[in-house]
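Work through the two exercises below with the structure open. Each task is followed by its solution.

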Amino acid sequence: MSCSHSHSRPTQPAAAPAYPELNLSSGAKWIKNLTKDRLGQFNGGHFGDVNLGSALFTRKEDGKDFVDLKVWSAPGLTKPSFEEAMKQDFKEAKKGDSFGPSWTNHWWKVTLTIPESFADYERVQFEFDPGCEAMIFTTDGEPLQGITGGYGGDRRVEYIIPEAARKKGVHELVIESSCNGMFGMAGGGIGPPDPNRYFSLDMADVVVPNQEAWRLLWDFQTLRELVDTLPGNTPLQNKALVTANAIMNTFSHTDLSSIKRARHLAEDVFGEGWEKLGAGIYDEKDGERSLVWGIGHCHIDTAWLWPYSVTQQKTARSWATQLDLMERYPEHRFACSQAQQYKWLEAQYPTLFERLTTQVLAGKFHPIGGSWVENDSNMPSGEALVRQFLFGQRYFEAKFGKRCETAWLPDSFGLTGALPQIIRGSGMKYFFTQKLSWNNINNFPHSTFNWVGIDGTQVLCHMTPVDTYTAQATVGDVNRAITNHKNLESSDTSLLVFGNGDGGGGPLPKMLENLRRMRAVTNNNRELPPVHMGRSVDEFFDYLSESTNAGKTLPNWNGELYLEFHRGTYTSHGSIKKGNRHSEILLRDVEHVATLASLIGGKKYVYPKQSLNDCWEKVLLNQFHDVLPGSAIGMVYDDAEKLYKEVRKDGDKMLDDALDVILGDSQRVTPTTRITSLDRVVAYNTTFFPRREVVRLPLAAGISSAAKAQVSQISADGKEGYAVVHCAGGASPAALSMTPITEAWGFTPVSVYTNGSDHFVLRNSTVQLTISKGRITSLLDVHLKRELIPSGETGGLVIFEDRPNFWDAWDVEIHHLEKATQLEFTNVSIVAQGPLRASVRAEVVYGQSTISVTISLDAVPATTKLDSRSMFRFDAWVDWHQRHEFLKFELPLNIHSDTATYETQFGHLQRPTHKNTTWDMAKFEVCGHKYADLSEYGYGVAFLSESKYGFACQGNILRISLLRAATEPDAEQDQGEHTFSWAVMPHKGHFLESDVPTAAYLFNSPLYMRILTDGASARALETTTNSPFAVSGAPNVILETVKRGEDDAFKAGGPATIVLRLYEAFGGHANAQLRVAAGLGVEEAYETNLLEDASEDVPLAVVRSEGMAHQVGLDLSFRGFEVKTVKLVLRGKKMKTEKRESWVTVDA
């Protein structure tokens, strides 16, 4: 019986060989690790004469028949324009010539001769390697691309000769080479630059590359990266290794046709025909669902190991290179921040800026960040951060027709918790950063999250899991974008920010080639996350928002993004910190008084908008995240100090001009001012707080006997007198108080006494401080009889050994606290004995340094708040010559609290005083602005600062950081003379009940002392001149900024708006009323965002009520730490200047 089944047998592939019966071979088993190790032999190295490296170039020609060179060296450190350079006499040059020294610029005229025989080659290029950076121009001055010389990973020395030039046979170029490396002149490290470094022209060759060999090299590199990156026994990893090994077996340097066969083997991994797709490779296989989004980037530090002038060249080189790449790689998108760099390019390279603008409008070159520079965000004031975005966003909108949607600070050394509100108020809702991946204690727990600021405002934040903004677009980078992602349960998409950076350069062709190959791989398997190109960072964040239900599925991070690293930057380069703080205050004051002057000055005065903009741009530039932190080379600080001097000069001039309008003709009081009557001396208070202060007056210039008799106190040398100014209202002038000091004033005289040698006591009716044997041994609240320094402990100056593990100017390590030396005051003497001010002067000589500190106590309290205590003011002069030592001031306090409070932008935050966790321990040095406070129920003590930003509170010891002494990258950091001040302010009640923010505000805000013309009366002026603005009903709301609107017509009689910025300072809700003089003629009032766009069409209601005959009110409701911007639209009227009863009289 036959057996029949309906099941058919599987059909064998037609080409499959029959499986043989006998097997006499040894088998195909490999030793995987040896095969893997073999891959390193395929290019260069010991076998470079026979491996693929030998086939990468078909011809290289450098003779006179091919390359003719002439050079002109610019004198000194000058940076001539193209037009200036072309007028000079050039001399013959050749490959191998040396040029320098550091920071000099050299111009080359290059004539290339291309033989007809080169016409058949796929590509002919000119390779120029000066060992440094360079820019290639056409002979008409059009920038073409940058050059990065040397043999690092950022090397780019090739220039592709255009087809038309090859046909012509002759091609002329101009090259500017600059004698600096990509990372300055420190030889690759962070040390001070070598001022005498010379470079050699290593290459000036006409080159024919074997393009197919280069493409094989890129194939092989991707395969090798797959082998090195993927897990050790996955199908794709093994397949990549098998294929790479087969390529090595196929290639023969004696048979160049083997290159094509080897490339065909690579298609086993990349897919058949993948290369023909070009940029279309990203459209295959569900391109919309790529897990990794690639964006080209070129982080250019606006100054760091090089000065601002070199950055201007770096920007042009890098961006020209990217514009060139966009023409060859249609998928290439390039994101670039910092409006300042765009402005430099516009001014110095206008034709390049035009090409860039074309690509911006085409959606390929992406302005991003919205800020003037990539600023430090720890130390700039809240208003300065607003201006970073205001100036940046307005520039981008003016030049490109659109604002940025994503804030971009990848390299800033920590991020204030005020930033989310400022970002949102500047028209953005997304934020990119990554520096917290550098934390040296704790790993930050999120990659994609909602960052919630101190006021509750959130931004959608992404910290790339690749942990760098200068990724090299390797397989490892792409793989890390997912394997290192900390929130895959919430979001599985990452941003790959690739391109050489810090010193510029940006993406290279090999990076774009590698990304294409990786995408080809993932079009056929999923062992590597797919990468997509051709979209923007904004689109990436749009996708994140959509895929996370508008952030609802994401974790939150509340408060500051504290960087556990680079804590020394709060103190390094003290003069720059001082320049920043004082410039911010000066510009705030100038805007305030200039606004008032523009309203009453008529045709005699025009608001100095352009001068203010120029000053602000200088301050904002110096807030770059390697300048203000003190982590740049010395050349940078020469430039920065010059800018601050210009701001001071121009700011003082604007201030004088405006006060002349407000006060009538007047002069500032200087040490040489001759005072004939105290009734002609007026103090102008630019803050909106009432204040009572002791002021100094010059007597040396010859004061009249009548005026001298009115001075309440005269210094021992007779050169200065002291008087009291009582500003009953804010933002107005005040006369000197000339009545005798009595209890009716609300205070009693201050005194100082000593035992004659080593015991000194400063005392008034509220507080007392004792210095004994060179240390502060007692701080007493006189009213409460409360001793604030624990028994047996002392306060004063202290020196710490400061030897960070690597980043010298950047870092202070936790172990510096283990090696402290308490300093003792010596030569203590009384220099003022009251009744208004008592002072002692003390000296400290330590090492090669001398410190002189004047400690003063005034008879008046710190503020006009009931129960306010007086502060002890410390004015220091230091001649500093230490190295790697850290000067601080500390007080041990009889106060217990788990947290201390520090001012930040538009508010404050609390940080731990204990070491419960490593997160707590990491905050051993922190940033604060005008105050740091340690409080418990019923009492507290604050340190006030006018230029210092570093603070700490460990247990009960409160510290302020004064001076560091790093030697890299600036060998002379902080060496020399310094003057600065701080204050110790005891206060009744917890911080939240205190007047600390007010006192700190006043401590940083000088009274502007003016002397009026003959016959004028300060007292009459005081009673008739009042501020047109005030805040009532909410003592926790501060009116910070008064300025003219950005879009006003700044000319006499032009349309006028006034912009006011207010914030809640204590962290609680408030219902405040902004009161405005009726005489201003407010037509409408709007609440706007920080860019001064009206947030809604409905204007604010203007309240008029009984008791406000000369004022109108605007009701404002605040949440804790909220910032509000109000724009007042004025009718076309000018305020009278003839009649000065008040600010409320206007012409009908």
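**Exercise 1: a helix pair**

Helix 7 and helix 9 are oblique to each other. The model is a predicted one.

Task: Find why helix 7 and helix 9 count as oblique, then describe the handedness of the crossing and the residues in contact.

Solution.

Step 1. Take the axes of helix 7 (residues 308–328) and helix 9 (residues 350–361): they cross at roughly 45 degrees and come within 11 Å.

Step 2. Angles under 35 degrees would count as roughly parallel, and 65 to 115 as roughly perpendicular. The pair of helix 7 and helix 9 is therefore oblique.

Step 3. Helix 7 and helix 9 cross with left-handed geometry.

Step 4. Helix 7 contributes Ala316, Trp319, Ala320, Leu323 and Met326 to the contact, while helix 9 contributes Leu352, Arg355, Leu356 and Gln359.

Step 5. Sorted by type, the residues of this contact of helix 7 with helix 9 are seven nonpolar, one polar and one charged.

**Exercise 2: a strand and its partners**

Task: Is strand 53 mostly covered or mostly uncovered, and how many bridges join strand 53 to strand 50 and to strand 56?

Solution.

Step 1. Of the eight residues in strand 53 (residues 1070–1077), six are buried, so the strand is mostly covered, with buried meaning under 20% relative accessible area.

Step 2. Strand 50 (residues 1029–1032) runs antiparallel to strand 53, and four bridges join them. One bridge pairs Ser1032 with Gln1073 of strand 53.

Step 3. Strand 56 (residues 1111–1118) also runs antiparallel to strand 53, joined by eight bridges. Here Ala1070 has Phe1118 of strand 56 as its bridge partner.

Terms used:
Residues are numbered from 1 along each chain as its sequence is written. This is a predicted model: local features need pLDDT of at least 70, side-chain atom pairs count only at pLDDT 80 or more; totals for chains, interfaces and linings use all residues. Side-chain values use heavy atoms; hydrogens and water are left out. Axes are lines fitted to C-alpha atoms, for helices over the stretch in contact, and angles run from 0 to 180 degrees between N-to-C directions. Helices (H or I, at least four residues) and strands (E, at least two) are DSSP runs, numbered from the N terminus. Angles under 35 degrees count as roughly parallel, over 145 as roughly antiparallel, 65 to 115 as roughly perpendicular and the rest as oblique. A crossing is left-handed if the near helix is turned anticlockwise from the far one by less than a right angle, and right-handed if clockwise. Contact means heavy atoms within 4.5 Å. Ala, Val, Leu, Ile, Met, Phe, Trp, Tyr, Cys and Pro count as nonpolar, Asp, Glu, Lys and Arg as charged, and the others, Gly among them, as polar. Buried means under 20% relative accessible area, exposed over 50%, partly exposed in between (1.4 Å probe, protein chains only). Two strands pair if DSSP finds at least two bridges between them.
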